[in-house]
Amino acid sequence: MRVLLFTGKGGVGKTTIAAATAVHAARSGVKTLVASADAAHSLADCLDSPLGPEPVELEPGLSAVHVDARSRGERSWRAVQEYLIGVLDTLGIDPIAAEELTVLPGAEEVLALLEVRDLVLSGDHDLVVVDCAPSAETLRLLALPEALSRYLELSLPVERRVRRAMAAGARALRGDGVVPRPRDHVVEAAERLHAELAGVREVLAGPATSVRLVLTPEALVIAEARRTLTALALYGYGVDGVVANRLVPADGADGWRSGWARSQAARLAEAEPSFAPAPMLRAGYAPGEPIGPDALAELAETLYGPAGSDVAGDLLALPDHAARLRVERDGEEFVLVVPMPAAERGLMSAARVGDDLCLQVAGHRRSLSLPSALRRCVVTSARLRDGELRVRFRPDPALWRVP
Ligand SMILES: Nc1ncnc2c1ncn2[C@@H]1O[C@H](COP(=O)(O)OP(=O)(O)OP(=O)(O)O)[C@@H](O)[C@H]1O
Ligand SMILES: [Mg+2]
């Protein structure tokens with residue numbers, strides 16, 4: 001089982017490359033499902049077949065689906081949200097403001113990922129290819145399972161405490177003005193949502209999942225792809241390939257075409273090292289819009305070579321996640337290693353806030369909840385070298401003493 005997520009700047013060819021990869025994998029003998037998690041859903045146009053929320057088989061070994069964001073997950077979230085609105089209402093907050101306050105940006109989109117998780121866990125496919133939304137939205141989406149889980153973790157125990165306090169208080173404070181207690185179904189819904197989000201993250205950050213970044217050889221697109229690469233590493237997702245798309249073929253060219261081919265090649269040669277160790281694959285500019293499985297298979301051949309067992313093996317090979325977030329021991333000390341390929345020193349900051357390590361890279365922020373061993377340490381240094389941020393922790397004797 002292997003999961004490949006395709007993302008990149010708007011319009012670079014994410015849907016086309018995801019669909020081409022899926023067709024080529026299926027024709028190489030891999031049981032493949034291609035799923036669109038982008039609300040724009042152009043996968044059906046690209047494959048030239050109507051698609052719905054249930055997977056449909058397009059040809060032997062190839063199924064496709066448009067993931068439906070209105071899943072049962074939304075109902076869980078809605079139950080929690082309604083309760084919070086009720087609490088705010090009792091406290092005299094305007095219902096419209098209450099509604100605004102309880103909206104978590106992107107909460108509904110993240111629920112589409114619950115469906116992807118179920119499709120992956122169903123075990124019906126050897127390869128699941130996901131056509132994601134443009135990088136900015138995808139990053140927000142990929143950060144959310146963790147962020148939402150933390151939000152729920154923080155709020156749930158509070159609700160339980162409030163509930164206990166209310167049980168005592170309600171006896172004395174009968175009548176109006178009593179804050180409604182979360183009913184059992186609300187607590188259950190919150191717990192269910194929490195477990196589901198943990199499941200989404202488990203699949204997306206799991207050992208069989210990797211992200212492929214699609215780009216075109218243009219300065220602005222490459223710059224965004226480099227930022228996305230670092231931000232993905234920050235959230236713990238591994239990029240195991242970059243696809244350079246719409247490359248003008250150099251052969252038999254007139255001056256205009258060979259000029260473009262040369263300048264594209266120069267841009268890519270310059271950019272390639274900053275994505276290392278992720279390899280850069282190249283897809284040619286098709287002679288027409290690549291629509292339908294046959295045209296997509298032809299495009300995929302420029303990318304992966306002729307269909308066959310080599311292609312199948314490469315696509316199914318597990319990604320090397322050694323370049324992931326990890327903690328190393330160095331004598332008495334610990335080193336938290338955060339891979340940050342392409343990070344520039346000036347764009348990054350790292351700070352210890354309570355039990356969290358707050359990292360900020362190119363406008364994206366992540367709070368890493370520190371393992372308990374690291375919480376009892378002081379940060380002695382943070383260095384960015386060879387695409388890795390190494391944060392050194394020294395045990396603080398005062399914090400290790402048993403009270
Ligand atoms: N290698 C290629 N050769 C020729 N045309 C291409 C190639 N790749 C993509 N296209 C065309 O470019 C357009 C945009 O591609 P596509 O819809 O796959 O991009 P996208 O990144 O998914 O866009 P969005 O950000 O809107 O989801 C489409 O018309 C597609 O057919
Ligand atoms: Mg698309």
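The following dialogue examines the ligand site and one sheet of a predicted model.

Tutor: Residues are numbered from 1 along each chain as its sequence is written, and chains are lettered from A and ligands numbered from 1 in the order in which they are written. In this predicted model local features need pLDDT of at least 70, side-chain atom pairs count only at pLDDT 80 or more, totals for chains, interfaces and linings use all residues, and side-chain values use heavy atoms, with hydrogens and water left out.

Student: What makes a residue part of the surroundings of ligand 1?

Tutor: One of its heavy atoms must lie within 4 Å of the ligand. Seventeen, written 17, residues surround ligand 1, with G11, K14, T15, T16 and E289 the closest.

Student: Why is the pair between the side chain of E289 and ligand 1 called a polar contact?

Tutor: A polar contact is a pair of N or O atoms within 3.5 Å; within protein, one must be able to donate a hydrogen and the other to accept it, and residues adjacent in sequence count only if both atoms are side-chain atoms. An N or O atom in the E289 side chain is 2.5 Å from an oxygen atom of ligand 1, so the pair satisfies the 3.5 Å limit.

Student: Which strands stand at the edges of the sheet β9-β10-β15-β14?

Tutor: This open sheet has four strands with antiparallel pairing. Strands are DSSP runs (E, at least two residues), and two of them pair if DSSP finds at least two bridges between them. β9 (326–330) and β14 (377–385) each have a single partner strand, so one side of each lacks a neighbour in the sheet.

Student: How do you know that β14 and β15 pair?

Tutor: They share eight bridges in the antiparallel sense, so the requirement of at least two is met.
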